[in-house]
Amino acid sequence: MINEIKTISRPVIFILSVAVLVGTLAGLSSISLMGLSAWLIASAALQPPLYVLSLAIVGVRFCGIMRAVFRYLERYLSHKAGFVLFMRFRVFMLAKIIAALPFKRQSSNGDVFTIIVEAIDKIRDSFLRFFLPPITATLGCFIVMIWSGFYSVLLLCILFVAWLVFVVIMPMIVWRLYQKKSDNDLILAESVLEFYDGSKELYAYNYIEGKLKNTQQAINDYQDYRKEHFILKSKVELSCEILLGLFIVLVLSLLISFINDGQITAVMAITFLLTIQSVLEILAAIPSLMEHLDEAKRSWLSLKSFINKPKIQSKINSNIYLKDDDAILNVVNINFGYNEILCKDMSFYLYKGQKTLLVGSSGCGKSTLFYVLTRLLDVFSGDMYLQGKSYTQWDKEDWRNHFAPSFQEHHIFNISIRDNFKIFYPDISDEEIWQALDKVQFTAFVQQYGLDYVLESDGTNLSGGQKHRLQLAMCLARKKDIILLDEPTAGLDIVSAHKFLNRLITIDKESAILVASHDLSIVDYFDNIIIMEEQHIIEQGKIKSLMQDEQSQLFKLMKYNNLI
């Protein structure tokens, strides 16, 4: 991963280097402005030649202009580099996280994508605020140290000690203090979101007051956290100001002794004092920047929590499944899991023109299996063969072109009905859309509003049943080798469900269809069945054959549900 980040950063290294150089020049311009101003004011009382004063005034104005120019260039270059770098970093992190996350997984404090984007934005902002100032301050300080060293080694030593205190020691102390603070802002966000999402149930069970107290406590804890954070920040700034004052007093005392010894003039002493003071003020601001580094660190940890994907190793099934050349899809001993096994030692075949029912209780792994089959999630052992070729020999996009999946969680986009179809099939015609809608008995609604009817995000202006029918229509809009339907009759009444299944059987006689359901009453519409329990297959085969065997799991389940 470090090598990949280096690759991402390589194109902006030059811009960052120029930004550091320009930032250093901006700092030196500011320091020179202060020094020349001090010399000009102090010298004016001694009535130097007019041309000397004129040159000094020109120098002051020049330094002021260059400070503004270099400061603008520094911000432009650093922001350009930062945005380019973190645009690439965002794409990189999203690709990593999508590969690591269980598909459509939600976090306890919001949508995953939102968390990722916000975390990366925080890292970017922290980078822009924290990365350049310590480097440019250090370079500027060292240049002034060299200049001071020509006059006094003691001044050089004071500046070095100040750099050590403000850039090394103080930041380490402040960093440790920030590490002791908890993430109360995340706790508050989680509590408020949970209250919002569950408000209907809270009112229904008259627990709204109890939950309000919990939420209020989270708000109070957050206020205490922000108060502690403000106090810590104020203490850091106050400590830096006190140290800054001590260093200035030390420099002033040293310069007074130099004047008394005749080593430097009073004018030069004032110039030294204000020049070194401007350097110390730049250094004194560094410890406060640790707040941004702490934010970046917490954001990075939240991203890492999504990237890490601990895989669970399972014992490979001793049963040997041979590849069936007649099958359009061969699934052989696949295993997949994160913190727990989700698909274990699964093997089965799908044939063109045959309908297979996948049954099992909620949570047994049916939906996860669909994600694996469409390669939205990758197996860590076993193999899958499509048209006789291992999945390792297929490009993911080419593999998915053979599948038409309809998941339980299928997002509806905030565009027209027609454009929702065109997202998946750019060249689809209106006639094909109407045929797909007819397959799922959804033409009446669309005829009333038209294909240009704009749907709200995730289809919130549709009922649950309407949304489900539209999802199925998009799945069935084009003929594919394999159709995957996850709970296709959910949200449909009994009559509509059986009408849909009957039409599905009569319309599509070429594709291999795999339907996941927990409803055994629809078994008569299928040729084969796969029964899952606790993340693995406990029985599979021809439905007619299994129904003739009273010891089969299918026969027992049908009898238990009073279906025979």
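Contacts in this predicted model are mostly between residues far apart in sequence: of those with a separation of 6 or more, 73% join residues 24 or more positions apart. The protein has 564 residues, and 45% of them are buried. Its secondary structure adds up to 20 helices and 10 strands. As for the surface, about 29900 Å² is exposed, with carbon and sulfur atoms supplying 58% of that area.

One piece of the architecture worth walking through is an open sheet of 6 strands, laid out in the order β6-β7-β8-β3-β9-β10 with mixed pairing. The edges belong to β6 (403–406) and β10 (536–542); each has a single partner strand, so one side of each goes without a neighbour in the sheet. On average, neighbouring strands here are turned by 15 degrees against each other, direction ignored. Strands of a sheet pair through backbone hydrogen bonds, and they may do so in parallel or antiparallel fashion.

At the β10 end, the pairing is antiparallel: 6 bridges join β10 to β9, which spans residues 528–533. These two strands make a hairpin with 2 residues between them, and Glu-534 in the turn takes a positive phi of about 50 degrees. Two pairs help to fix the register. Ile-529 sits opposite Gly-541 of β10, while Ile-531 has Glu-539 as its bridge partner in that strand.

The hairpin also has a helix lying over it. α20 (553–560) crosses β9 and β10, and its direction makes an angle of about 80 degrees with β9. The buried residues of this helix are Leu-554, Phe-555 and Met-558. They sit on the same side of α20, because the arc they cover around the axis is only 100 degrees. That fits the usual geometry: an α-helix has 3.6 residues a turn, so residues three or four places apart point the same way. What the buried residues of α20 pack against is β9, β10 and α19. Just past the end of α20, Asn-562 adopts a positive phi of about 55 degrees.

Leading into that helix is a loop that starts after α19 (543–547), and Ser-552 is found in it. Despite its place in a loop, Ser-552 is buried, because its relative accessible area is 2% and the cut-off for buried is under 20%. A polar atom of the Ser-552 side chain lies 2.8 Å from the backbone oxygen of Asp-549. Setting aside residues up to four places away in sequence, Ser-552 touches Glu-539 and Leu-546. Glu-539 thus turns up twice in this corner of the model: as the bridge partner of Ile-531 and as a contact of Ser-552.

Elsewhere in the chain, Val-165 gives another view of the interior. This residue belongs to helix α6, which covers residues 153–179. Its relative accessibility is 16%, so Val-165 counts as buried. Beyond its neighbours within four places in sequence, Val-165 is in contact with Met-170, Pro-171, Leu-243 and Phe-247. The C-alpha atoms of Val-165 and Leu-283 are 9.0 Å apart, although 118 residues separate the two along the chain.

Methods. Residues are numbered from 1 along each chain as its sequence is written. This is a predicted model: local features need pLDDT of at least 70, side-chain atom pairs count only at pLDDT 80 or more; totals for chains, interfaces and linings use all residues. Side-chain values use heavy atoms; hydrogens and water are left out. Helices (H or I, at least four residues) and strands (E, at least two) are DSSP runs, numbered from the N terminus. Buried means under 20% relative accessible area, exposed over 50%, partly exposed in between (1.4 Å probe, protein chains only). A polar contact is a pair of N or O atoms within 3.5 Å; within protein, one must be able to donate a hydrogen and the other to accept it, and residues adjacent in sequence count only if both atoms are side-chain atoms. Contact means heavy atoms within 4.5 Å. Two strands pair if DSSP finds at least two bridges between them. Axes are lines fitted to C-alpha atoms, for helices over the stretch in contact, and angles run from 0 to 180 degrees between N-to-C directions. Accessible areas come from the Shrake-Rupley method with a 1.4 Å probe; for residues, only the protein chains shown count as cover. The arc is that of the directions from the helix axis to the C-beta atoms.
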